[in-house]
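Let's look at a protein model together and ask how a few labels get earned. Here it is.

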Amino acid sequence: MSYRIAGIDVHKKMLAVVVTDVEVQGEYQFEQRQYGSNPEHLQLLAKWLIEREVEEVVMESTAQYWKPVWGALERYWKSSCQTREAAGPMSGTLHLAQAQSNRGARGRKKDFPEAERLVKRLVANELILSFVPDAEQRLWRAVTRRKYQLRCERVRLQNQLESLLEECQIKLSSLVSDPLGVSARRMLKALAEGEMNPAVLSAMADKNLRATQAQLCDALGACAELRPIYRRLLKLFLEELQLIDQQISQLDQELANLLSRYQLRSST
């Protein structure tokens, strides 16, 4: 009984695809096709793999370009393959090979030989395969990855803001544990909008703040002579930080929505 495997060499705009029966004696006989990487061509690729009764597909993890190919085959080819009569336990399996494990001899890279080598090394168990979570878990990863990037960006901006305040001789961070807390933001916002009286700024601090009014006035004393350009820079920092905080809050809500049905299951 034939058992067909497809190998895909992935490029940004083009896919080199080969299909062969791996249970034949002697040399593999590869059938070659070339497809584009746009959605229409990916559907045609999935349709062709179904027609050729391909059981497994292996592709190389080329940059980020493998992701739409994987998603299209997962959607259009995998389900059809698994529901086919006489489908085996490995039917509909997608493999993502690390590029280093499919590296050939030095020289010019050739597309179809790369795809053929993927199949040969998969059969020989010579490829290093990467774990790819299912579509829903990939959504979780996309949201959490973006949240992590925003948090890193927030820390970077906070450090830049503290550096700007030191340059302006505003020593607020030496008295306030959180320079982006409610009290500090209230004072910095008023400072950015043109307030020049240290006493007025220090009066905006929360009553529970450990620093005294006299200490805050001393730390904010340089605000009377602060140049307008520094005020505008400070305003830009505060606006950007506010936007990042809003986006992090939106991502938290997206995660809560994605995980809500699992929370309902655990509570019942």
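Q: This is a predicted model, so let's start inside: which residues have the most contacts within the largest nonpolar core?
A: Leu-161, Ile-170, Leu-172, Leu-188, Leu-191 and Leu-234 do, in a core of 32 residues. Helices H5 (135–167), H6 (182–192) and H9 (228–267) are the elements that each give two or more residues to this core. H9 supplies the largest share, with eight residues.

Q: What is Leu-161 in contact with, leaving aside its neighbours within four places in sequence?
A: Its partners are Leu-180, Leu-188, Leu-234, Phe-237, Leu-238 and Leu-241. Contact here means heavy atoms within 4.5 Å. Apart from this core lies another one, of 25 residues, including Tyr-35, Trp-66, Val-69 and Ala-72.

Q: Why are H1 and H2 called oblique to each other?
A: The axes of H1 (residues 39–51) and H2 (residues 66–76) cross at roughly 50 degrees, coming within 9 Å. Under 35 degrees would count as roughly parallel, and 65 to 115 as roughly perpendicular. The crossing angle of roughly 50 degrees fits neither label, so H1 and H2 are oblique. As for handedness, H1 passes H2 in a right-handed crossing.

Q: Which residues meet where H1 and H2 touch?
A: From H1 come Leu-42, Gln-43, Leu-45, Ala-46, Leu-49 and Ile-50, and they meet Pro-68, Val-69, Ala-72, Leu-73 and Tyr-76 of H2.

Q: What makes the contact of H1 with H2 nonpolar or charged in character?
A: Just count the residues by kind: 10 are nonpolar, one is polar and none is charged.

Note on methods:
Residues numbered from 1 in each chain as written. Predicted model: local features only at pLDDT ≥ 70, side-chain atom pairs only at ≥ 80, totals over all residues. Heavy atoms only, no water. Axes fitted to C-alpha atoms, helices over the stretch in contact; angles between N-to-C directions. Helix = DSSP H or I, 4+ residues; strand = E, 2+ residues; numbered from the N terminus. Parallel < 35°, antiparallel > 145°, perpendicular 65-115°, else oblique. Left-handed = near helix turned anticlockwise from the far one by under 90°. Nonpolar A, V, L, I, M, F, W, Y, C, P; charged D, E, K, R; others polar. Core = buried A, V, L, I, M, F, W, Y, C linked by side-chain atoms within 4.5 Å. Buried < 20%, exposed > 50% of the residue type's maximum accessible area, 1.4 Å probe, protein only.
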